[in-house]
Amino acid sequence: MSEDRALREAKSGFFVPSKERPILVTGAAGFIGFHLSRRLLEEGYRVVGVDNLNPYYDVRLKEARLGLLKPQNNFRFHRIGLEDRPAMERLFSEERFAVVVNLAAQAGVRYSLTNPHAYVESNLVGFLNVLEGCRHQKVAHLVFASSSSVYGLNTKMPFNPHEPADHPISLYAATKRANELMAHSYAHLYRIPCTGLRFFTVYGPWGRPDMALFKFTRAILAGEPIELYNRGEMVRDFTYIDDIIEGVFRILGKPPAPDPAFDPSHPDPCRSSAPFTVFNIGNNNPVRLMEFVDAIEAALGRKAEKRYLPMQAGDVGATSADVTDLISAVDFRPKTPVTQGIQAFLAWYLDYYGAAAP
């Protein structure tokens, strides 16, 4: 980071994490963790990446992402599961992190219906170990992944973080909401600045194979039908990975302070007398699923065979992000149009896999 940029950030209220102390990125072999690690390295930061490389999806893709990070001098990798308490305690005591970004989690709404214990171990026990590490090593800012799924039964659009999010409809969503509550308790008790990020359907190059764009692309190229839940009547706030990373990067330098206007008699869910806050990060431009499919078909020059299915348990019909707070806090609004983001993903996919499905 140039001296001029550091000075601008200081004047605008941002703090610049020390480059003498590394930044921890958990889930560094994952989709968002890989992109964030690469951005931090480009900015000159030292990054310690943690991942357990679990087989929830193709481990070869995770290893390929790591293959782009490991050769860089400022990157070190530890294969650790967050639920491994002794390993996590050693990691925090040895590294003395300036900032921690917790992106590791057992992901997937549908997978949580059949593998619930994986979510408790990774998303609850693992996150507790992260919080304890931040507590004992006095980390300056903990940024952690939450999810749009916490809004659950709420149908008031766009989703507003100032509204309650207390009706999750999947265990995955419940663990993410629990992470927010756990972080708030640590912010209150130990004054650890904590920021939760509710991600909205992230997509782009190096994306997850269990996500819609990846699955649809693979099926269309293989001449197989694509599965459309709720008979295709879904709406999603698809958010391009570069927008997500820019937002996260700016948030790293904006640890929350206690809100002097917090009213405990009328508590705001994303404000507090503790150094805690929650942001939505979404495109703020929801798209109907069938329009999303149309854009993929147009970009590939192929029509998809469509299989219409009922709504699956744990899914919600629509998501839409109110990003007013994000804009106000870090002067950034996600903006990549879906057509542009799909084209970027397909260019990567065809380069990485060719026209054959993995």
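What radius of gyration would a compact globule with 358 residues have, and what does the protein have? The globule value is near 21 Å, and the protein has 20 Å, which agrees. This is a predicted model. The protein contains 11 helices and 13 strands. This briefing follows one strand, β6, and the parts around it, then turns to some local features.

**Overall build**

- Along the principal axes, the C-alpha atoms fill a box of roughly 55 × 50 × 45 Å.
- Of the 358 residues, 52% are buried.
- Take the contacts between residues at least 6 apart in sequence: 81% of them join residues at least 24 apart.

**Strand β6 and its neighbours**

- Strand β6 covers residues 194-199.
- Six of the six residues of β6 are buried, so the strand is largely enclosed by the rest of the structure.
- In a regular strand, side chains alternate between the two faces of the sheet.
- On one side of β6 sit C194, G196 and R198, and on the other sit T195, L197 and F199.
- Both of these faces are covered.
- Which strands pair with β6 in the parallel sense? One is β5, over six bridges. Another is β11, also joined to β6 by six bridges.
- In the pairing with β5, T195 is the bridge partner of V143.
- From β5 the chain crosses through α6 to β6, and this β-α-β crossover is right-handed.
- In the pairing with β11, G196 stands opposite V278.

**Helix α6, the link in the crossover**

- Helix α6 runs over residues 171-190, which makes 20 residues.
- From first C-alpha to last, α6 reaches 28 Å, close to the 28 Å expected at 1.5 Å a residue.
- Which residues of α6 are buried? They are Y172, A173, T175, K176, R177, N179, E180, A183, Y186 and A187.
- The list of buried residues includes K176, R177 and E180.
- What covers these buried residues? The cover includes α5 (116-137), β5 (141-147), β6 (194-199) and β11 (276-281).
- Strands β5 and β6, which α6 connects in the crossover, are thus among the elements that cover the buried residues of α6.

**Helix α8, a second helix to inspect**

- Helix α8 spans residues 241-252, with 12 residues.
- Its reach from first C-alpha to last is 16 Å, close to the 16 Å expected at 1.5 Å a residue.
- Helix α8 is mostly covered, with 10 of its 12 residues buried.
- The buried residues are I241, D243, I244, I245, E246, G247, V248, F249, I251 and L252.

**Backbone exceptions**

- Most residues other than glycine have a negative phi, and most peptide bonds are trans.
- R191 has a positive phi of about 60° although it is not a glycine.
- R191 comes just after α6, in the loop between α6 and β6.
- Is R191 buried or partly exposed? Its relative accessibility is 41%, so R191 counts as partly exposed.
- R96 also has a positive phi, near 55°, and is a residue other than glycine.
- R96 lies in the loop between α4 (85-95) and β4 (99-102).
- At 47% relative accessibility, R96 counts as partly exposed.
- The peptide bond from M157 to P158 is cis, and its omega is near -10°.
- P158 belongs to the loop between β5 and α6.

**Cysteines**

- How many disulfides does the structure hold? It holds zero.
- Why is C134 not bonded to C194? The sulfur of C134 is 6.9 Å from that of C194, its closest cysteine sulfur, and this is too far for a bond.
- A disulfide needs the two sulfur atoms within 2.5 Å.
- C134 is buried, with a relative accessible area of 1%.
- C270 is in no disulfide either, and its nearest cysteine sulfur, that of C194, is 14 Å away.
- At 1% relative accessibility, C270 counts as buried.
- C194 itself is one of the buried residues of β6.

Terms used. Residues are numbered from 1 along each chain as its sequence is written. This is a predicted model: local features need pLDDT of at least 70, side-chain atom pairs count only at pLDDT 80 or more; totals for chains, interfaces and linings use all residues. Side-chain values use heavy atoms; hydrogens and water are left out. Helices (H or I, at least four residues) and strands (E, at least two) are DSSP runs, numbered from the N terminus. The expected span of a helix is 1.5 Å times one less than its number of residues. Buried means under 20% relative accessible area, exposed over 50%, partly exposed in between (1.4 Å probe, protein chains only). Contact means heavy atoms within 4.5 Å. Two strands pair if DSSP finds at least two bridges between them. A crossover is right-handed if, with the strands pointing away from the viewer, the path from the first strand over the helix to the second runs clockwise. The radius of gyration is taken over C-alpha atoms; the globule rule is 2.2 Å times the number of residues to the power 0.38.
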